[in-house]
Amino acid sequence: MPKISEKGHKMPSSPIRKLVPYAEQATKDGKTVYYLNIGQPDIKTPQVALDAIKNSSLNILAYSRSEGSESYRQKIANYYSKNNISVSQNDIIVTTGGSEALLFAFGSIMDKDDEIIIPEPFYANYNGFSTASGVNVVPVISKIEDNFALPPIEDFEKLITSKTKAILICNPGNPTGYLYSKEEIKKLATLVKKHDLFLIADEVYREFVYDGISHYSILQEEGLEEHAIVIDSVSKRYSMCGARIGYLVSKNREFILTALKYAQARLSPPTLAQIASEAALSTPDSYFTEVINEYVGRRDTLISELEKIEGVKVAKPNGAFYCIAELPIKNSDKFAQWLLEHFSFNNETVMVAPAAGFYSSPNVGLNQIRIAYVLNEDSLKKAVKIIGEALKVYKD
């Protein structure tokens, strides 16, 4: 029998999606399931983006340029300019989602067995991207007790070897919701310049920052032009996850030209989705004001309700729409599956994401879950109530 590759065997399952069959069965059994496991916003996609598709006069759905359409890239550059970031359309490559942008970045800067340092917990698919690229993740653990702030810069430096090629952060963070400060970014900038490394920032949640705090991009840091690579996407910003449009941004010309070869190999990003994404850039600022207010209310409700449950510890996020909660249990994988298979409260249950899958260090985060507060406040209250009732009867 033909054999599957070793890399294929090592490819991790998604901690976000692996429980889907149990949730589907719970629904078939007549239970209502509150989905807190995945960052699929329930916010409406801007009408201007939907109208752009409906009103398109295309006669042929043709390829676009491999780096994305010129008009779209120019409008992305204009978007950044409004956010005090100076880039040109030639510094941008449009990709099929932020995921492809990360794969292009990994392929462009790292060879087999090279290393990338990432503060954990981190977006679970970083493990998958590194496996697919044949590179090794070297984790630096951030702690719930510190609200998942950047670990001491000395913890990064002692892990740097001849194989280290980059440091990767998600800002604001998925799964923690932590927003890195300007001072923390500057510390990382100093470190990567000292050791001649790349600094990759996944900034897909840049619009979702709260409490009057501003987002500081690595592209705003002077002197980092040859080191900075930004991953961005329309998925969360405009509630357009299904469009699958992301992009790479960097002023390092050699990096962009290298990534372009990967883009050429897959021909082009989706043409129709680019039309919608370009139109979305005309979304009025009032859209984001309303969205931010909605997420702040959801966050505050979620944190308040979780803190009422005895033995639960939760970090308060300043960005994105996720938080990590530590539960008085031993294994959240088993707990999450048990919730769907064997528990209900008023014939309702909850789907959460076990947090161990957001770490690469073994046996870390076993009693933690990631919650995406993408439901309305009433649903969040009901979902947390279910978790509280479940913890009263659950046996490890």
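In this predicted model, the side chain of T164 reaches back to the backbone nitrogen of T161, at 2.8 Å. T164 belongs to strand 5. With a relative accessible area of 5%, T164 is buried, because anything under 20% counts as such. Leaving aside residues up to four places away in sequence, T164 touches E115, I117, L159 and L197.

Now for the sheet around that strand. Seven strands form an open sheet with mixed pairing, in the order 2-8-7-6-5-3-4. Strand 2 (92-95) and strand 4 (136-141) are at the edges with a single partner strand each, so one side of each has no neighbour in the sheet. From one strand to the next, the twist averages 20°.

Take the strand 7 and strand 8 pairing next. Strand 7 (residues 228-233) and strand 8 (residues 246-249) run antiparallel and are joined by four bridges. I231 has L248 in strand 8 as its bridge partner. Helix 5 (residues 97-109) packs on the sheet and touches several strands, among them strand 3 (115-120), strand 5 (164-170) and strand 6 (198-202). The direction of helix 5 makes about 160° with that of strand 7. Helix 9 (residues 253-265) also packs on the sheet, touching strand 2, strand 7 and strand 8. For helix 9, the angle is about 25° with the direction of strand 2.

Moving to the other end of the strand order, strand 3 and strand 4 pair in the parallel sense over six bridges. One of the pairs puts E120 opposite its bridge partner I141 in strand 4. Together with helix 6, these two strands make a right-handed β-α-β unit. The buried residues of helix 6 (residues 125-133) are Y126, N127, G128, F129, S130 and T131. What covers them includes helix 1 (6-10), helix 5, strand 3, strand 4, strand 5 and strand 6. After helix 6 comes G134, with a positive phi near 75°.

E120 also turns up in a backbone oddity: the peptide bond from E120 to P121 is cis. Here are the backbone angles worth a look, loop by loop.

| Site | Backbone feature | Loop |
|---|---|---|
| E120 to P121 | cis, omega near 5° | P121: between strand 3 and helix 6 |
| N174 to P175 | cis, omega about 25° | P175: between strand 5 and helix 8 (182-195) |
| N84 | positive phi, about 60° | between helix 4 (70-82) and strand 2 |
| S239 | positive phi, near 50° | between strand 7 and strand 8 |

Neither N84 nor S239 is a glycine. Which of the two is buried, and which exposed? N84 counts as exposed because its relative accessibility is 66%, where the cut-off is over 50%. S239 is buried, with a relative accessible area of 8%.

One last residue to visit is E326, in strand 10 (residues 322-326). E326 is buried, with a relative accessible area of 16%. What does the side chain of E326 join in a polar contact? The partner is the side chain of Q368, at 3.1 Å. Q368 is also among the residues E326 touches, along with I144, G311, V312, K313 and N367, not counting residues up to four places away in sequence. From E326 to P139 is 187 residues in sequence and 20 Å in space, C-alpha to C-alpha.

Technical notes: Residues are numbered from 1 along each chain as its sequence is written. This is a predicted model: local features need pLDDT of at least 70, side-chain atom pairs count only at pLDDT 80 or more; totals for chains, interfaces and linings use all residues. Side-chain values use heavy atoms; hydrogens and water are left out. Two strands pair if DSSP finds at least two bridges between them. Axes are lines fitted to C-alpha atoms, for helices over the stretch in contact, and angles run from 0 to 180 degrees between N-to-C directions. Contact means heavy atoms within 4.5 Å. Buried means under 20% relative accessible area, exposed over 50%, partly exposed in between (1.4 Å probe, protein chains only). A polar contact is a pair of N or O atoms within 3.5 Å; within protein, one must be able to donate a hydrogen and the other to accept it, and residues adjacent in sequence count only if both atoms are side-chain atoms. A crossover is right-handed if, with the strands pointing away from the viewer, the path from the first strand over the helix to the second runs clockwise.
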